[in-house]
Amino acid sequence: MTDRLIIFDTTLRDGEQSPGASMTKEEKLRIARQLEKLRVDVIEAGFAASSNGDFEAVKAIADTIKDSTVCSLSRANDRDISRAAEALANAKSSRIHTFIATSVLHMEKKLRMSPEEVYDQARLSVRFARQFTDNVEFSPEDGSRSDPDFLCRVIEAVIDEGATTINIADTVGYGIPELYGKLIRDLRERIPNSDKAVWSVHCHNDLGMAVANSLAGVMNGARQVECTINGLGERAGNTSLEEIVMAVKTRRDYFGLEVGVDTTQIVPTSRLVAGITGFVVQPNKAVVGANAFAHASGIHQDGVLKQRDTYEIMRAEDVGWAANKIVLGKLSGRTAFKQRLQELGIELESETEVNAAFQRFKDLADRKADIFDEDIHALVSEQVTGQRSEERIGLVAMSQSSAIGEQPKAQVILTIDGKEMSAESTGNGPVDATLRAIESLAGSGADMTLYSVNAISGGTEAQGEVTVRLQKSGRVVNGVGADPDIVVASAKAYVNAINRLQSPVERLNPQITTP
Ligand code: KIV
Ligand code: ZN
């Protein structure tokens, strides 16, 4: 039998805890379907007890997904566990993931509980969860900073109660590969019933070592890695799924492990998650960054042309970068467009959605001669993000002027609740003037905490993809917009962010604090 590495994706739970990455039920469902297509083993769909919105999202995913196990997080208490079980009731295969902090720091300062109380609560929670399912995961939160003797006691007890997966969380990304790997090995060796559970790693990337730490855990016997698409997650993020999968596949000679993931779905999944959350992928990001397979230096290009593996250890097409970047244009028809969507792994839900995307494609092709795969991904993402909030505000028209020595001016026409309105403003640049004009009509009163522009594909003809992050009364949202004109892209992103901010279906990021 081959030794298999279980890929546990937590994009929809831990990934969603990134500022501004909160998603609606529909968005989560769309990503869950794509994760199923990617063939991840476990999808952590959310934290059912954290809000009604998250409960509904976990339930919808559990009701829909058939080929991956669906999991809900729950704190170590009966109410959370019951909510998780309720949300997962219709899943073909389900898992309850319960956790409690075990480090002295967290027990004393956060939980205000004694180690004995934590020990009892961990045991009783796993016992309670086992009444609903025989697939129960237990995580000692802040495990990597916990006293190993105490960890041994707690883990032995929860395995006795029926926990089937033990997940050692490096909650604050404090681990060092050698030490974290050793911790996994020591725990497995010291705990008498350790062979009754699958060992799992869950690492955060605060010191940029989440992937290295996870792989060190794997080398010391862990057989599940918890990870997210694009490494999304709180603060510096989580272990990145694409890096783990491709490391284990590319260096099979070293790891000797099988993974069930369909790697050709990696890039489409990455694009979908980036589009929905507004967290753009840095160009030099391993595997899914725009430059991951681009060879700029003459020596490298020459080598790759002579023999590909001189400078390439993976094939772009194996991770879902289209092998053949057929460029579409103005004259391309609906059939060619639909075929391209299919080749890129983009699934739209209805013919109406395909028609809407085709119309966007035609509009773009009128303004841009060559339409690259990246442009198609962006226009679909924009369509998807546009649909996610009830759009109170629409961008009808805009213009602006700027010249050296003159103050830039902008005029915008918006529809707000179906009524057309216009406004003018000045600013220190055309983007600033445009966003001020929009704000004067929309009156969101939000603070902008991030504005970023990313060029999609190469050249000055490329589309700009803008992300805007707005914050108001503790709520954080990201808006995205793409257009060959970056001022228009900025206006689209700003309007998208305001719509999200004001949408009743958006919700706060779940925050995990007390048991
Ligand atoms: O980082 C962490 O500790 C977690 C746990 C809930 C597993 O996400
Ligand atoms: Zn985490």
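Donors are N, O and S atoms within 2.8 Å of the metal, or 3.2 Å for Na, K and Ca, and since water is not among the atoms, sites may look incomplete. This is a predicted model, in which local features need pLDDT of at least 70 and side-chain atom pairs count only at pLDDT 80 or more, while totals for chains, interfaces and linings use all residues. Residues are numbered from 1 along each chain as its sequence is written, chains are lettered from A and ligands numbered from 1 in the order in which they are written, and side-chain values use heavy atoms, with hydrogens and water left out.

Begin by selecting the zinc ion (ligand 2), whose protein donors are Asp14 (OD), His202 (NE2) and His204 (NE2), at 2.0 to 2.1 Å from the ion. Along the chain these donors follow the spacing D-x187-H-x1-H. Buried means under 20% relative accessible area, with a 1.4 Å probe and protein chains only; His202 is buried at 5%, and His204 is buried at 4%.

Next, select residues 409-416 and 419-426, the strands β10 and β11, which run antiparallel and are joined by eight bridges. Strands are DSSP runs (E, at least two residues) numbered from the N terminus, and two of them pair if DSSP finds at least two bridges between them. Gln411 has Glu424 in β11 as its bridge partner, and in the hairpin, with two residues between the strands, Asp417 takes a positive phi near 50°.

Finally, move to the open sheet of three strands in the order β12-β13-β14, where the pairing is antiparallel. Its edge strands, β12 (447-456) and β14 (475-483), each pair on one side only. Nine bridges join β12 to β13 (residues 463-472), and Met448 stands opposite Leu470 in β13.

Conventions. Helix = DSSP H or I, 4+ residues; strand = E, 2+ residues; numbered from the N terminus. Buried < 20%, exposed > 50% of the residue type's maximum accessible area, 1.4 Å probe, protein only.
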